[in-house]
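Colleague: I've got this model open and I'd like a close look at one part of it, the largest cavity and what surrounds it. Could you walk me through that?

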Amino acid sequence: MKIDESYLESVKKQFLYYKMLGEKAIEQLEPEQLFVSVNEDTNSIATIIKHISGNMLSRWTDFLTSDGEKEWRNRDAEFENYLKSKEEVVEIWNKGWDCLENALNSLKPEQLSDIIYIRNEGHTVIEAINRQLAHYPYHVGQIVFYAKQLKKSSWESLSIPKNKSGNYNAEKFAKEKEIKNFTDDELKRLK
């Protein structure tokens with residue numbers, strides 16, 4: 001596999017991994033917990049999801065041919081919550097991720113060095129992908145952290161459970177060395 005193909009395969013798996021982490025956190029919550037905000041300066045999980053989705057729709061719609069900050073995007077409105085149900089939150093979550101997935105699946109390795117723009121700033125396609133690969137996990141981490149606080153002791157760990165690192169490492173080192181993406185096992189575990 002060429003390095004460009006390998007890169008695309010890797011980022012697709014990483015985006016999917018973070019999508020699944022967010023979904024597993026959301027699944028553990030009661031519907032009303034998605035709308036909890038500890039103070040006026042804190043966003044609820046539903047609001048964070050609106051922002052992620054808005055960003056995804058703007059960045060990945062016509063990804064190669066138009067600026068990533070679309071004229072129709074109203075970023076400030078993403079932080080005003082109008083969602084009322086868990087179903088609406090999940091729907092907007094999926095809409096953003098579907099847009100991202102469709103854009104990534106349409107990319108060809110030879111396009112990775114093309115220049116695209118976000119707010120009139122030129123990026124190679126690789127730089128633009130890496131930018132979002134840093135942005136979305138940042139917000140998924142917020143969702144997971146917030147969900148864990150809301151669930152308290154009834155939280156089901158999405159990574160290596162507390163005080164289980166030794167077991168986890170023993171299992172990993174008991175296997176033969178192999179070259180694979182770190183998400184391969186994690187995606188199976190999260191399904």
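Modeller: Sure. Two elements, β1 and α4 (125-151), each give at least two residues to the lining of the largest cavity. The biggest share is from β1, which supplies 3 residues. Keep in mind that this is a predicted model. The full lining is R59, F63, G68, I116, Y117, I118, A128 and Q132. Sorted by class, that makes 5 nonpolar, 2 polar and 1 charged residues. The space inside comes to about 30 Å³, and the count of cavities of 30 Å³ or more is 1.

Now for the strand. β1 covers residues 115-118, and its side chains alternate. I116 and I118 point to one face and are buried, whereas I115 and Y117 point to the other face and are not buried. I116, Y117 and I118 are all among the cavity-lining residues, so you can click through them one by one. β1 runs antiparallel to strand β2 (residues 121-124), and 4 bridges join the two. One of the pairings to look at is I115 with T124 of β2. The hairpin of these strands has 2 residues between them, and there R119 takes a positive phi near 55°.

Next, R59, another of the lining residues. You'll find R59 in helix α2 (residues 45-60). Is R59 buried or exposed? R59 counts as buried because its relative accessible area is 5%, under the 20% cut-off. The R59 side chain has polar partners, too: it reaches the backbone oxygen of G68 at 2.9 Å, and it makes a polar contact with the side chain of E69 at 2.7 Å. G68 also lines the cavity.

If you show everything that R59 touches, leaving out residues up to four places away in sequence, you get G68, E69, K70, R73, I118, R119, R131, Q132 and Y136. That list takes in I118 from the strand and R119 from the hairpin. Q132, also touched by R59, is in the cavity lining as well.

For contrast, have a look at the largest pocket, with about 320 Å³ of space. The elements giving two or more residues to its lining are α5 (165-173) and α6 (183-190), and α5 has the largest share with 3 residues. Its lining divides into 3 nonpolar, 1 polar and 8 charged residues. Among them are Y168, K172, F173, D185 and E186.

Key
Residues numbered from 1 in each chain as written. Predicted model: local features only at pLDDT ≥ 70, side-chain atom pairs only at ≥ 80, totals over all residues. Heavy atoms only, no water. Buried < 20%, exposed > 50% of the residue type's maximum accessible area, 1.4 Å probe, protein only. Polar contact = N/O pair within 3.5 Å; in protein donor to acceptor, adjacent residues only side chain to side chain. Contact = heavy atoms within 4.5 Å. 1 Å grid on protein atoms, 1.4 Å probe; cavity = no way out; pocket = protein on both sides within 12 Å on 5 of 7 lines; lining within 4 Å. Points joined across faces, edges and corners; volume = space filled by probe spheres on them. Nonpolar A, V, L, I, M, F, W, Y, C, P; charged D, E, K, R; others polar. Pairing = 2+ DSSP bridges.
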